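Biologist: I'm new to this one. Could you show it to me and then explain the words you use for it?

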Amino acid sequence: AMKQQGERLDKLHGKTSELQESSSQFRSTARKAKSKAFWNYLKWLIVLLLLGIGVAVFIGYKVYNQVHS
């Protein structure tokens, strides 16, 4: 009975170690994915801001030329 209990404890300890390892691996992967998503978001934010500024400058230029012609 004691031997079986010891074996079960060893098995449980092994499973606990595996779970800790896989959870830290998951945390690492999640952190990388979060970082990648953030930079992707920032990249598109900058692209859209520049596009918006370009459109605003273009419209402003057209309006300015119409008023001063």
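Modeller: Sure, and we start with a definition: buried means under 20% relative accessible area, exposed means over 50%, and partly exposed lies in between, with a 1.4 Å probe and protein chains only. By that rule, 0% of the 69 residues of the chain count as buried. This is a predicted model, where local features need pLDDT of at least 70 and side-chain atom pairs count only at pLDDT 80 or more, while totals for chains, interfaces and linings use all residues. Residues are numbered from 1 along each chain as its sequence is written, and side-chain values use heavy atoms, with hydrogens and water left out.

Biologist: What makes the chain more spread out than a compact globule?

Modeller: First, the chain has one helix and zero strands (DSSP runs, H or I of at least four residues for helices, E of at least two for strands, numbered from the N terminus). The radius of gyration is 30 Å, well over the 11 Å from the globule rule for 69 residues, so the chain is more spread out than a compact globule. That radius is taken over C-alpha atoms, and the rule is 2.2 Å times the number of residues to the power 0.38. The C-alpha atoms fill a box of roughly 100 × 10 × 5 Å along the principal axes.

Biologist: How do you know what span to expect for H1?

Modeller: Take 1.5 Å times one less than the number of residues. H1 has 66 residues, and its 96 Å from first to last C-alpha is close to the expected 98 Å. Glutamine 66 and leucine 19, 47 residues apart in sequence, sit 70 Å apart in space, C-alpha to C-alpha.

Biologist: Why is glutamine 66 called exposed?

Modeller: Its relative accessibility is 64%, so glutamine 66 counts as exposed. Valine 63, in helix H1 (residues 2-67), has 43% and is therefore partly exposed.

Biologist: What makes the pair of phenylalanine 38 and tryptophan 39 edge-to-face?

Modeller: Rings of Phe, Tyr and Trp (its six-membered ring) pair if their centres lie within 6.5 Å; planes under 30 degrees apart are stacked, over 60 edge-to-face and the rest tilted. The count comes to one aromatic pair. The ring centres of phenylalanine 38 and tryptophan 39 are 5.1 Å apart and the planes are at 70 degrees, so the pair is edge-to-face.

Biologist: Why does tryptophan 39 count as exposed, and why is phenylalanine 38 partly exposed?

Modeller: Tryptophan 39 has 53% relative accessibility, so exposed is the word. Phenylalanine 38 has a relative accessible area of 44%, so partly exposed fits.
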